[in-house]
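Visitor: Could you take me on a close look at one part of this model? I'd like to start from a single residue and work outwards.

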Amino acid sequence: MSIFKKIITALRGGASEAGEAIVDANATRIFAQEIRDAENHLTKAKRDLTDIMAKQMQAQRELDRINNSITEHEGYATSALNQGNEALALEVAEKIASLEVELSEQKQSFDRYNDNATRLKELVKNTERQLADHQRQLSMVQTTESVQKATAAITDNFNNSNSKLLDAKQSLERIKAKQQNFDDRLKASEQLADENSDQSLKNKLAEAGIGEAQSNASSVLDRLKAKQS
Amino acid sequence: MNIHQIANHLNELGDKSDTGFFFDSVPIAGEVDVLQVTIVGREELPIFVSVTDDQILCIAYLWGENEVKESTRSEMLEAMVEMNIPMPLSSFSKIDDKYVIFGALSVSSSLHDVEHELAVLSDNSLEVINEMGDYLV
């Protein structure tokens, strides 16, 4: 069963409530060990690949050398033939023949290294992919377990502190109320600031004798006198 | 990255966070380290942060199965699945019988990224409860 399926089955089955592990601890350990083994294999495969590729390069150089040598000797043989020196030409031709044998042997080992390198590259690629997949799966298990443990810690903490999680709507209402409070306070302080600046303007106007006339004793007396008459 | 680095960062931040929030964080002891992060003014909806080998998980609890109106439950679930992509940085999930909203970050994220994640997660959780209140009793 895939890890994904295992986690879903365990969660749906309420394994988390019973505090059961999603995948038993031993299986997780074995899985982690498999990942370490795969990492070791990968390191070794990469080292082998480096060796093979080095040998492949050597073989390629050897092939080039023999090919050059053949071309060179073919030139010699042609020159010998042009000079009418059949015996020398034959001797060179024998040399070419032996070079060609060497070439085909070298070609075989080059092909062998080439095949090996291709196979190893494929292996490295597959192992890397598999390793990434294993790591992803292990991470799923570990995350699920970590979330369960975290949930247990959170629940314990709430139980111990005697505070309980409010229901969602209550929480929202309280937060909104606090926000409203905050907004109201902000508005109130803005109003206060406005009023203060209003007042200071009025004071300045009064000092300059502009605006509403201040009531004073003589003006009150004048008003009373006016009523009597 | 571990929860203590996150806690130190958030607690030293004070009112200097460019998210405009004031964070408070308290580690919770347990088999795994969990950090309870609250935003001042939003204490009712704390965010829980835990760090695993490869990711930082930030989780906010939304509501329990017992708060869901049975008659529109599947409609609610569908709405949640559909909102998963449009909702910035956060996704829906369920832990035991509680619906949650969460964000996961790489362990190589910066503390600033974590701070941003927490602010967005908190905004998202408020908005989700506000907008999906009709599905709740």
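Guide: Sure, let's start with Val49(B). Leaving aside residues up to four places away in sequence, Val49(B) touches Ile3(B), Ile6(B), Val34(B), Leu35(B), Val37(B), Ile56(B), Leu57(B) and Cys58(B). Keep in mind that this is a predicted model.

Val49(B) also belongs to the largest nonpolar core, a set of 39 residues. Val49(B) is listed there among the residues with the most contacts inside the core, together with Val34(B), Ile47(B), Cys58(B), Ala60(B), Leu62(B) and Val100(B). Which element gives the most to this core? That's strand β4(B), residues 55–64, with seven residues.

Now zoom out to the strands. Chain B has an open sheet of six strands, in the order β1-β2-β3-β4-β6-β5, and the pairing is antiparallel. At the edges you find β1(B) and β5(B), the latter covering 91–95, and each of these pairs on one side only. On average, neighbouring strands in the sheet are turned by 30° against each other, if you ignore direction. There's a visitor from the other chain here too: α3(A) packs on the sheet and touches β1, β2, β3 (47–51), β4 and β5 of chain B. The direction of α3(A) makes about 140° with that of β3(B).

While we're on chain A, let's look at how the two chains meet. On the chain A side 27 residues are in contact, and they meet 27 residues of chain B. Two elements of chain A give two or more residues to its side: α3 (86–160) and α4 (168–207). Of these, α3(A) gives the most, with 13 residues. Sorted by class, the side of chain A that touches chain B has eleven nonpolar, nine polar and seven charged residues.

Back to the sheet, and to the edge strand β1(B). Strand β1(B), residues 23–28, pairs with β2(B), residues 34–39, in the antiparallel sense over six bridges. The two strands form a hairpin, with five residues between them. You can trace the pairing yourself: Pro27(B) has Leu35(B) as its bridge partner, while Ser25(B) has Val37(B). Both partners are familiar, since Leu35(B) and Val37(B) are among the residues that Val49(B) touches.

Ile6(B) was on that list as well, and it leads us to a helix pair. Helix α1(B), residues 3–13, and helix α3(B), residues 111–131, have axes that come within 10 Å and cross at roughly 75°. That angle is why α1(B) counts as roughly perpendicular to α3(B). From α1(B), the contact uses Gln5(B), Ile6(B), His9(B) and Leu10(B), and from α3(B) it uses Leu111(B), Val114(B) and Glu115(B). By class, the residues of this contact are four nonpolar, two polar and one charged.

Last stop: two loops beside the edge strand β5(B). Leu89(B) sits in the loop between α2 (73–83) and β5 of chain B. Its phi is near 65°, a positive value in a residue other than glycine. Leu89(B) counts as partly exposed because it has 18 C-beta neighbours inside 10 Å. Asp96(B) is found in the loop between β5 and β6 (98–106) of chain B. For Asp96(B), phi is near 50°, again positive in a residue other than glycine. With 14 C-beta neighbours inside 10 Å, Asp96(B) counts as partly exposed too.

Technical notes: Residues numbered from 1 in each chain as written. Chains lettered and ligands numbered in written order. Predicted model: local features only at pLDDT ≥ 70, side-chain atom pairs only at ≥ 80, totals over all residues. Pairing = 2+ DSSP bridges. Helix = DSSP H or I, 4+ residues; strand = E, 2+ residues; numbered from the N terminus. Axes fitted to C-alpha atoms, helices over the stretch in contact; angles between N-to-C directions. Parallel < 35°, antiparallel > 145°, perpendicular 65-115°, else oblique. Contact = placed C-beta atoms within 7 Å. Nonpolar A, V, L, I, M, F, W, Y, C, P; charged D, E, K, R; others polar. Core = buried A, V, L, I, M, F, W, Y, C linked by C-beta atoms within 7 Å. Buried ≥ 20, exposed ≤ 12 C-beta atoms within 10 Å, placed from the backbone.
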